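Visitor: I should like to go through this model term by term, asking on what grounds each description rests. May we begin?

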Amino acid sequence: MIEHRNGILIAVALMVGVPAITLLATLHQMFGTGGDGPIRASAVQAPPAPAPAAKPAPQAPAAASPASPASPASPASPAAAGPAAATPAGAATPAAGAPVPGRSAQDFSASRPAWEGYLQGADPALGKQLAASGKPAAGVQACVACHGQAGITPTGGIFPNLAGLTPEYIAKQLADFRQGTRKQALMNTVAQGLSEQEIGQLAAYYGSLAGPPLHVGETGGEAARKLDQIGDGARALPACANCHGLRGLGEGPLLPRLAGQSKEYFADQINAFRNGSRQNDDVGVMRAFAQRLTDSEVEALGQYYAGPR
């Protein structure tokens, strides 16, 4: 009985003692290390700046004796060379009190695209004038010739409706045309003839216009409706509405509205993504999705978003 009782006491002592010792060791490690808090990291101390070397007093040059023969110059000693000789050529001498190089919060800030600056202070009224008159001297024809008086193409075809798109999307596309990352011969010429300020003005103007009347979903059939609202998981095709909004009404500043675009323009852009002639989609998602659509599905989706004439 006594041995059994002693065994129980030893077991209880181990159960209580070991965690207690561990806790005490942890507390000592946390609070007994020179005053730093339990979570506060030790500050990295910058090395002290080297004391500036005292400049040697200027010495008068010794006059050469005309009677004495010229002696060969002796090589300068390291001591005579001074601190400048000890610094390698091209090396910058750290200034006293200069910050130690290292990471900062700005190193991890996302870069902003240049076209965002085009929209700063952009005047839609000036954009309207430019859209109506163009810049003939720079080879820029009036935008209304292809995109209509109010940003709605009267004849359809492969010219997109600009009304209803966001200023951000239009500015990005014009910047891509200007840089050549999106290729279309006419638009590359037009965009290269525009200044950054003019791109912002046109984007602000067209972004202020209401889109065409909506008849989405009245044509195209069940296959198009399913691709728009559900997608096709077996082919890794998400619903078009995930990015372009339900019934193609747009989703976010850079995800364009599809509703109201002509079926010809829709098919033209899908085919451009398919064959790689358009490559300014984000990480290639549209190029991948376009490859998985059949010709009949492209036609049906084009009719679905365009609606009846």
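Visitor: What covers the buried residues of α4?

Guide: In this predicted model, the cover over the buried residues of α4 includes α5 (144-147) and α8. The buried residues in question include G127, L130 and A131.

Visitor: What puts G127, L130 and A131 on the same side of α4?

Guide: The arc that they cover around the axis is only 100°, and therefore they lie on the same side of α4. The face turned away from that buried side carries K128 and Q129, which are exposed.

Visitor: Which contact is found at the start of α4, and what makes it a polar contact?

Guide: A side-chain oxygen of D123 comes to within 3.0 Å of the backbone nitrogen of A125. The cut-off for such a pair of N or O atoms is 3.5 Å, so the D123 to A125 approach qualifies as a polar contact. Just after α4, G134 takes a positive phi of about 70°.

Visitor: How do you know that the length of α6 agrees with what is expected of a helix?

Guide: α6 has 13 residues, and from its first C-alpha to its last it reaches 18 Å. At 1.5 Å a residue, 18 Å is expected, and the span of α6 is close to that value. Just after α6 comes G180, with a positive phi of about 85°.

Visitor: Which residues of α6 are buried, and what covers them?

Guide: The buried residues of α6 are Y169, I170, A171, K172, Q173, L174, A175, D176 and F177. Their cover includes α3, α7 and α8.

Visitor: Which residues touch the most other members of the largest nonpolar core?

Guide: That core has 25 residues, and A131, I170, L174, L194, L202 and Y206 are the ones that touch the most other members. At least two residues each are supplied by α3 (115-118), α4 (124-133), α6 (167-179), α7 (185-192) and α8 (196-206). The helix that gives the most is α6, with six residues. In soluble globular proteins, nonpolar side chains tend to be buried together.

Visitor: Which residues does L194 touch, beyond those up to four places away in sequence?

Guide: L194 touches L130, K135, V140, R178, I199 and L202. Apart from the largest core lies another, of 16 residues, among them V216, F273, A300 and L301.

Visitor: How many aromatic pairs does a search of the whole structure find?

Guide: The search finds three aromatic pairs. One of them joins Y205 and Y206, at 4.8 Å centre to centre and with 55° between the planes.

Visitor: Why is the pair of Y205 and Y206 called tilted?

Guide: Stacked planes are under 30 degrees apart and edge-to-face planes over 60, with the rest counted as tilted. The 55° of Y205 and Y206 falls in neither of those ranges, so their pair is tilted. Both Y205 and Y206 are buried.

Visitor: And why is the pair of Y304 and Y305 called edge-to-face?

Guide: The angle between the planes of Y304 and Y305 is 80°. An angle over 60 degrees counts as edge-to-face, so the pair of Y304 and Y305 receives that name. Its centres are 5.3 Å apart, within the 6.5 Å required of a pair. Ring pairs also link Y304 and Y305 with F266 into a cluster.

Visitor: Why do Y304 and Y305 count as buried?

Guide: The limit for a buried residue is under 20% relative accessible area. Y304 has a relative accessibility of 3% and so counts as buried; Y305, at 1%, is likewise buried.

Visitor: Why is A236 called partly exposed, whereas V283 is called exposed?

Guide: Exposed means over 50%, and partly exposed lies between 20% and that value. A236, at 44% relative accessibility, therefore counts as partly exposed. V283 has a relative accessible area of 74% and is therefore exposed.

Visitor: Where are A236 and V283 found, and what phi does each have?

Guide: A236 is in the loop between α9 (221-229) and α10 (241-244), and its phi is positive, about 55°, although A236 is not a glycine. V283 is in the loop between α11 (263-275) and α12 (285-291). The phi of V283 is about 50°, again positive although V283 is not a glycine.

Visitor: How many helices and strands does the chain have?

Guide: The chain has 13 helices and zero strands. Of its 309 residues, 28% count as buried.

How values were computed: Residues numbered from 1 in each chain as written. Heavy atoms only, no water. Phe/Tyr/Trp six-rings, centres within 6.5 Å; stacked < 30°, edge-to-face > 60°. Buried < 20%, exposed > 50% of the residue type's maximum accessible area, 1.4 Å probe, protein only. Core = buried A, V, L, I, M, F, W, Y, C linked by side-chain atoms within 4.5 Å. Helix = DSSP H or I, 4+ residues; strand = E, 2+ residues; numbered from the N terminus. Contact = heavy atoms within 4.5 Å. Arc of directions from axis to C-beta. Polar contact = N/O pair within 3.5 Å; in protein donor to acceptor, adjacent residues only side chain to side chain. Expected span 1.5 Å × (residues − 1).
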